[in-house]
Amino acid sequence: MRKILLLLGLGLVALTGCKKDSTPSLVENPILPPSTETFAPGAAVTIKGSGFTDADEIWFRAQTKATDDIQATITKQTATEITFIVPQGLPAGEQTVLLKRDDQEMPLGKITVAEATTSTKLYAIGSTDDSDTEVLWEIDKTTGELTEIVKLPTESNEDSFESPVVDPTNGNIYLYQWIETTDALDLYRINPANKMLEKIGRLKEGIEDTHYDLCVIDNRLHALIEKEQYENEDNQETFYSLVAIDPNTAEQTLVADFGSLHQALNIPLSVSAGLEGEGKFFGYDMATKSLIVPIFKDVEGDCWQLTRFDIVNQKIIPGVGSSDNYISLFVKDSKACGAFYNDDINTVDFRVIDTENLTIGESLGSAFTGSNNKFFEETWAYDAATGKGYTTIADDSSDEYSAFGAFDFNTKEFKEIKQYTNGIGLWTIFN
């Protein structure tokens, strides 16, 4: 009996040992660059091995299941090595490299992608006194001079263009128009190269108490949707979801349903809470596969709270609170950073944010407008090539005052670069 059991056991081991790996071996012994080496978008990478063919393609695996893989351009290919260019717009960090051949694919390994240091274009939305039409400008980061890209048509003075984002793969700008009379949102695309404005489609009909914030995740257009539901005039509950948006049709696909903000943060329904149109989430944090969002709560004391919208697990994770007037978030050197505003003394304190623990870290410096009457607008745009954060400035004592300035993170100094005349006003700056 023991012999029979032993033979059966050996048979099972043999069968198990003979089971084939479900991943096909398209090439033998692939050798990637050392893990200590990093590659910025646009850099060439060579992988050696045996068995590469003319039918092979190199792709990078996207980090969220709702997004597509990102294809690289192959510049050289032999049977023993393949060279490709790291795609523009690929998020910084460790990325999986795939070899695709016909309907098969094989992971070759991982490389570390560095943050792009090429200078990005800086844009602003604003208006002039001689026109009711909003304008998209490109801003010269050295002089502050404005170059008109396109006028943004509106049917009434209350209509507005909001939530602009730049597609890093092609430089196109996406934003939506809020139509005051119907409360609808229409998605637009702008090609800055040929100064073309194109209406794509409708994001939502006249659904009240629903707000969209556009963002780019793994090079694909998304929107964080905020929906307020009122139990009565004194009690409200705020819900969030994330959708992927087709940039050619405005069709939306649900990626994550985060549920109730009030339940996640244990906020009473009698307390209003949400984005409030002021907090700016900087987008996707690849390390945690989340959106980092400052939430405003209508309470005394710590009225702002950092949160993480976990896309994979579809939940809202609470972080530390802040008593600052408001918080604007941006990315610097692949790290989440916050501009913490103190309107009482017209200063901004820049701090690193720990996205894993949702805590506020070291100070990167502070900026002062130079006058008790002047104040910083709500958005900052960081440029890795210059090492500066850019914003616009307004003045309590003059409705016509508008200026452009930059904080140098190396010298820890803020400089007002240009004051605009002729009734030019800027209120949204982005890159």
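This passage describes the fold of one protein chain, then one of its sheets, and then a few single residues.

The model is predicted. The protein chain has 431 residues, and 48% of them are buried. Its secondary structure comes to two helices and 35 strands. The accessible surface of the chain is about 21,000 Å². Carbon and sulfur atoms account for 46% of that surface. Contacts in the chain were also sorted by separation in sequence. Among those between residues at least 6 apart, 46% join residues at least 24 apart.

One sheet can be followed strand by strand. This open sheet has four strands, in the order S13-S14-S15-S16. Their pairing is antiparallel. Strand S13 (160-166) and strand S16 (196-204) form the edges, and each pairs on one side only. On average, neighbouring strands of the sheet are turned by 25 degrees against each other, with direction ignored. Within the sheet, strand S14 covers residues 173-179 and strand S15 covers residues 184-191. Seven bridges join these two antiparallel strands. One residue pair shows the link at the level of single residues: glutamine 177 has aspartate 186, in S15, as its bridge partner.

Two residues stand out by their backbone angles. Alanine 250 is not a glycine, yet its phi is positive, at about 70 degrees. Alanine 250 sits in the loop between strand S19 (235-245) and strand S20 (252-260). The relative accessible area of alanine 250 is 4%. Buried means under 20%, so alanine 250 counts as buried.

Asparagine 266 also has a positive phi, near 55 degrees, and is a residue other than glycine. The loop that holds asparagine 266 runs between helix H2 (261-265) and strand S21 (273-274). Asparagine 266 has a relative accessibility of 69%. The cut-off for exposed is over 50%, so asparagine 266 counts as exposed. Thus one of these loop residues, alanine 250, is buried, whereas the other, asparagine 266, is exposed.

Cysteines were examined next. The structure holds zero disulfides. Cysteine 303 has a relative accessibility of 13%. This value is under the 20% limit, so cysteine 303 counts as buried. Cysteine 337 has a relative accessible area of 1%. Cysteine 337 is therefore buried as well.

How values were computed:
Residues are numbered from 1 along each chain as its sequence is written. This is a predicted model: local features need pLDDT of at least 70, side-chain atom pairs count only at pLDDT 80 or more; totals for chains, interfaces and linings use all residues. Side-chain values use heavy atoms; hydrogens and water are left out. Buried means under 20% relative accessible area, exposed over 50%, partly exposed in between (1.4 Å probe, protein chains only). A disulfide is a pair of cysteine sulfur atoms within 2.5 Å. Two strands pair if DSSP finds at least two bridges between them. Axes are lines fitted to C-alpha atoms, for helices over the stretch in contact, and angles run from 0 to 180 degrees between N-to-C directions. Contact means heavy atoms within 4.5 Å. Accessible areas come from the Shrake-Rupley method with a 1.4 Å probe; for residues, only the protein chains shown count as cover.
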